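Welcome! Let us walk through this structure together, one piece at a time.

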Amino acid sequence: MALSRRVLLGRLAATGAAGAALATGARPALAAQGEGGRVHTGFERLAADGYRLLDGRRVGIVTNPTGVTRELRHIVDVMHADDRVRLTAVFGPEHGFRGTAQAGGSEGRYDDPATGLPVYDTYNKSGQALADIFTASGVDTVVFDIQDVGARFYTYIWTLYDCMVAAVLAGKRFLVLDRPNPVTGRAATGPVLDKAYASFIGREPIAQTHGMTVAELALLFNGEFVPQAAGRPVELETVRMTGWRRTGFYDTTRLPWVPPSPNMPTADTALVYAGTCLFEGTNLSEGRGTTRPFELLGADGIDRRWAAAATGLGLPGVHFREAYFAPTFSKFQGKTIGGVQLHVHDRAAFDPVRTGIGLLVTAKRVWPGFAWRPDHGIDRLTGSATVRTMIDAGAGPDEIVAAWQDGLRRFRTVRRRYLRYP
């Protein structure tokens, strides 16, 4: 039987483990590995299985520029070209579906020029308002496929959570296509969110680095939090990867890196982000507007003493270099400022959260101009007022890290129940 042009294009573009069986949250996990050590994403496995989980469904997908095949063709384009999938809507998160918006922005409601599909804006929408969007779209199954970076305050995991809650309210089925945690899934580290400080950069009490994939997070959300927010769990299935190990960094996956947001240009950025993003809660530059966001930190008036003080902490896996730079936008736009550049030389030993705390402590000690943002945004980033108040009281990094260990141990116990990879 001759294949239609759309089916042929879809099958050619949708790469994956040919013949690999599909593993979902509702079916037994498989031990199969990717060919030659290669990681196969959830989408690759869904496509290789002939989109069986989407058969007869009206599908809407929550995705962004990271939702690509290994040949860098967007999965929306792939699915739209395949008659086996009835893709009828796209839902765009922060920065937008095609990635045209900067931090804190989105693309709004429009029809995608490439496919003609309606694109709905989900950014800053939750609860019944988001459920109403799902209802208006006419879909019965919502698919999620976005690359995460492993930090609690990266908003895409809360887009996942909000969409799961909204799917319950709208009576929709939910399917998560898994991708690697680029900074490994070895361990959860850092403070756990206090619900009193919940926001879009942290809805529920998880650790600052959660050490999970998005599918594992979806299982945790559905087991621990969605029933409290929506009255019952969502009808959830997950399509797991093959070939991924918890100890693997992104460059071991043989997958292309697509920036999940404009200031996350490389997997090296993701490695430090969970710690240095804390500088968004201060008057220092976190490196936005440079070629090394979150690796370069600084402010007007900082000199070599900060790099020396940070080096003196003896933090594992990282060196600090005195650096000078002029951001092209954001804080100190167009002004040459001083600071540090992080150089991670042993990423297995490197602890981004402890490093971020050490840098905050030393910045406050060596630079008289140090200040927290007036809105105490640092509290939303760290998940409570503890870090800020301890630093203001003169506490050192060891004392601050010790203060969150009890909460972290409790989260690690819960987390273990939802891990799905060796």
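A good place to begin is a pair of residues facing each other: Val 62 stands opposite Phe 144, which belongs to strand S5. Please keep in mind that this is a predicted model. The two strands behind this pair, S1 and S5, run parallel and are joined by 5 bridges.

Let us stay with strand S1, which covers residues 59-63. Is this strand mostly covered or mostly open? It is mostly covered, since 5 of its 5 residues are buried. Its residues point in two directions: Val 59, Ile 61 and Thr 63 go one way, Gly 60 and Val 62 go the other, and all of them are buried.

S1 has another partner too, as it pairs with S2 in the parallel sense over 4 bridges. Within that pairing, Gly 60 has Ala 89 in S2 as its bridge partner. To get from S1 to S2, the chain passes through helix H3 (residues 75-80), making a β-α-β crossover that is right-handed.

From here we can step onward to the next strand. S2 (residues 87-92) also pairs with strand S4 (residues 118-121), again in the parallel sense, over 3 bridges. Here Gly 92 stands opposite Asp 121 in S4.

Now you can picture the whole sheet. It is an open sheet of 7 strands with mixed pairing, in the order S3-S4-S2-S1-S5-S6-S9. Which strands stand at the edges? They are S3 (110-111) and S9 (235-239); each has a single partner strand, so one side of each is left without a neighbour in the sheet.

Next, look at what lies across part of this sheet. Helix H6 (residues 214-224) lies across S5 (141-145), S6 (173-177) and S9, and it runs at about 160 degrees to S9. H6 is mostly covered, with 9 of its 11 residues buried. Among these buried residues are Val 214, Glu 216, Leu 220, Phe 221 and Asn 222. The cover over the buried residues of H6 includes the strands S5, S6 and S9, together with helix H5 (156-170), helix H7 (226-230) and helix H14 (405-416).

Our last stop is further along the chain, at Thr 355, which sits in helix H10 (residues 352-366). Its relative accessible area is 2%, so Thr 355 counts as buried. What is Thr 355 in contact with, leaving aside its neighbours within four places in sequence? Its contacts are Leu 315, Val 318, Phe 320, Leu 342 and Phe 350.

Methods. Residues are numbered from 1 along each chain as its sequence is written. This is a predicted model: local features need pLDDT of at least 70, side-chain atom pairs count only at pLDDT 80 or more; totals for chains, interfaces and linings use all residues. Side-chain values use heavy atoms; hydrogens and water are left out. Two strands pair if DSSP finds at least two bridges between them. Contact means heavy atoms within 4.5 Å. Axes are lines fitted to C-alpha atoms, for helices over the stretch in contact, and angles run from 0 to 180 degrees between N-to-C directions. Buried means under 20% relative accessible area, exposed over 50%, partly exposed in between (1.4 Å probe, protein chains only). A crossover is right-handed if, with the strands pointing away from the viewer, the path from the first strand over the helix to the second runs clockwise.
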